[in-house]
Amino acid sequence: MPCSSENALRPLDSWELGRCRWDICDTPEVVMNNLSSKPEWKTFDLVRKKIFSRDMLAWLVICLQIKCTGESSALALMPSATVICLVYYFQVAQERALPVGPEDGGFGMSYDLLYGRAGFLWAALFIRKYLGVESVPDDYLMPVVEAILAGGRAGASDNPTCPLMYRWHGTRYWGAAHGLAGILHVLLHFPLSQEDIEDIKETLRYMMSNRFPHSGNYPVSEGNPRDKLVQWSHGAPGITITMCKVSEVLLDDREFRGAAIEGGEVVWKSGLVEKVGLADGASGNAYAFLSLYRLTGESIYEERAKAFASCLYQNARTIMNERHHNEADHSYSLFQGLGGVACFLFDLLAPKNSRFPGYEL
């Protein structure tokens with residue numbers, strides 16, 4: 001059941017990760033003892049730091065109840081690992097240990113959605129959605145927002161036409177997974193100054209003005225001349241969803257609504273790719289139609305989403321068998337496998353309530 005559904009909360013008696021198992025009714029000490037036996041958790045040094053408060057245990061319970069997967073910060077870890085990262089980052093935020101650093105993030109943290117600060121913010125927003133705003137106070141989140149904005153300005157210091165820019169592994173990506181679209185999408189959920197809003201708007205205008213003229217698609221990264229990828233991670237689909245969010249937040253700026261609609265045309269023409277997952281496949285691309293349907297109310301977008309759904313229903317299993325017959329871990333995963341297809345088909349039952357898992361709230 002996808003996280004985007006209002007009915008996503010499903011009680012579980014326990015959660016098993018490898019050989020580490022605990023019950024929801026276990027005390028924080030039991031949970032911590034179990035976690036401490038796993039070598040991958042020791043880097044967080046949570047056993048020595050007694051930072052597991054009652055609220056943080058509640059975060060753990062929520063994450064155990066909601067099935068969310070992906071590949072780091074908020075998205076790349078199992079639910080239990082996600083909350084451990086949240087606790088770790090929460091402690092870092094409490095200590096105000098979030099230096100701006102270079103444009104790739106510094107302090108071992110990038111800025112992007114999948115692996116960095118934007119992913120942490122999204123996870124915190126997700127927790128607040130179910131536990132209330134007071135569960136993760138703005139005092140801990142706004143310094144991270146400010147660090148992301150400051151880092152983006154530092155990264156764009158050599159480009160006077162684009163106020164914000166970020167690197168991930170040395171490349172200035174534009175898409176939702178590692179680049180501008182994902183970072184800006186998250187920032188738009190927070191109270192921003194007029195200067196911050198203008199910088200976001202000018203960055204989006206820079207992206208819009210540098211689309212490929214023939215296809216209308218967006219480059220994967222700054223200066224990349226190859227017009228090949230149409231997927232949520234890179235290209236028009238993820239950026240279209242971000243443009244929809246911008247249109248909801250900045251109601252008077254119709255240019256972004258227009259860009260969202262134009263991006264939807266790119267997805268319709270080129271988005272039925274031979275992959276199925278949310279990150280780089282047709283199910284993730286189809287969420288652009290659901291976002292446009294919520295934004296415009298026009299039935300054409302619901303029909304286009306249904307057209308993609310029909311193709312996926314008929315062909316997803318065949319595509320997975322052909323492409324991932326030696327990669328069993330991917331076959332049912334959320335971002336690369338049939339898990340994403342299931343979420344999309346479920347959301348299609350109530351498109352007005354649909355949300356891209358791990359991206360829209």
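# A walk through the aromatic pairs, helices and loops

A search of the whole structure turns up 16 aromatic pairs. Keep in mind that this is a predicted model. As a bit of background, a pair of aromatic rings is described by the distance of the centres and the angle of the planes.

Let's take one pair and look at it properly. The rings of Trp174 and Tyr206 have centres 5.9 Å apart and planes at 55 degrees, so this pair counts as tilted. Trp174 sits in the loop between α6 (138-155) and α7 (180-187), while Tyr206 belongs to helix α8 (residues 194-209), so the pair ties together parts that are 32 residues apart in sequence. Are these two residues buried or exposed? Trp174 is buried, with a relative accessible area of 1%. Tyr206 is buried too, at 11%.

Now hop over to another pair. Phe356 and Tyr359 meet edge-to-face, at 5.9 Å centre to centre and with 80 degrees between the planes. Phe356 has a relative accessibility of 0%, so it counts as buried. Tyr359 is buried as well, and its relative accessible area is 0%. These two rings belong to a bigger picture: ring pairs link Trp232, Tyr287, Phe335, Phe344, Phe356 and Tyr359 into a cluster. An aromatic ring can also have a charged residue over it, and Tyr293 gives an example: Lys352 lies over its face, 4.7 Å from the ring centre.

Back to the neighbourhood of Trp174. Which residues does Glu222 touch, leaving aside those up to four places away in sequence? With those left out, the contacts of Glu222 are Asn159, Met165, Arg172, Trp174 and Tyr206, so both rings of the tilted pair we met earlier are on the list. Glu222 itself lies in the loop between α8 and α9 (236-249). It is partly exposed, with a relative accessible area of 27%. One of its contacts, Arg172, is 50 residues from Glu222 in sequence, yet the C-alpha atoms of the two are 5.5 Å apart in space.

The loop between α6 and α7 has another resident to visit, namely His169. Here's a curious detail: His169 has a positive phi of about 55 degrees although it is not a glycine. For comparison, most residues other than glycine have a negative phi. His169 is exposed, with a relative accessible area of 69%.

Helix α8 brings us to Asp199. At 15% relative accessibility, Asp199 counts as buried, because the cut-off for that label is under 20%. Not counting residues up to four places away in sequence, Asp199 touches Arg153, Pro163 and Leu164.

In the loop between α7 and α8 you'll find Leu192. Its relative accessibility is 18%, so it counts as buried. Beyond the residues up to four places away, Leu192 touches Val145, Leu149, Leu187, Ile197 and Ile200. Leu192 can also be set against Met142, which is 50 residues away along the chain: their C-alpha atoms are separated by 9.4 Å.

Next, helix α10, which covers residues 254-270. At 1.5 Å a residue, its 17 residues should span 24 Å, and the end C-alpha atoms are 25 Å apart, which agrees. Which residues of α10 are buried? They are Phe256, Ala259, Ala260, Gly263, Gly264, Val266 and Val267. These cover an arc of only 160 degrees around the axis, which puts them on the same side of α10. The spacing fits a general rule: an α-helix has 3.6 residues a turn, so residues three or four places apart point the same way. On the face turned away from the buried side, α10 carries the exposed residues Arg254 and Lys269.

Helix α11 (residues 282-296) is home to Ser291. Ser291 counts as buried, at 0% relative accessibility. Not counting residues up to four places away in sequence, it touches Ile241, Cys244 and Glu360.

That mention of Cys244 leads to the cysteines. At 2% relative accessibility Cys244 counts as buried, and so does Cys162, at 1%. How many disulfides are there? A disulfide is a covalent bond between the sulfur atoms of two cysteines. With a cut-off of 2.5 Å between the sulfur atoms, the count comes to zero.

Conventions
Residues numbered from 1 in each chain as written. Predicted model: local features only at pLDDT ≥ 70, side-chain atom pairs only at ≥ 80, totals over all residues. Heavy atoms only, no water. Buried < 20%, exposed > 50% of the residue type's maximum accessible area, 1.4 Å probe, protein only. Helix = DSSP H or I, 4+ residues; strand = E, 2+ residues; numbered from the N terminus. Expected span 1.5 Å × (residues − 1). Arc of directions from axis to C-beta. Contact = heavy atoms within 4.5 Å. Phe/Tyr/Trp six-rings, centres within 6.5 Å; stacked < 30°, edge-to-face > 60°. Lys NZ or Arg CZ within 6 Å of the ring centre and 35° of its normal.
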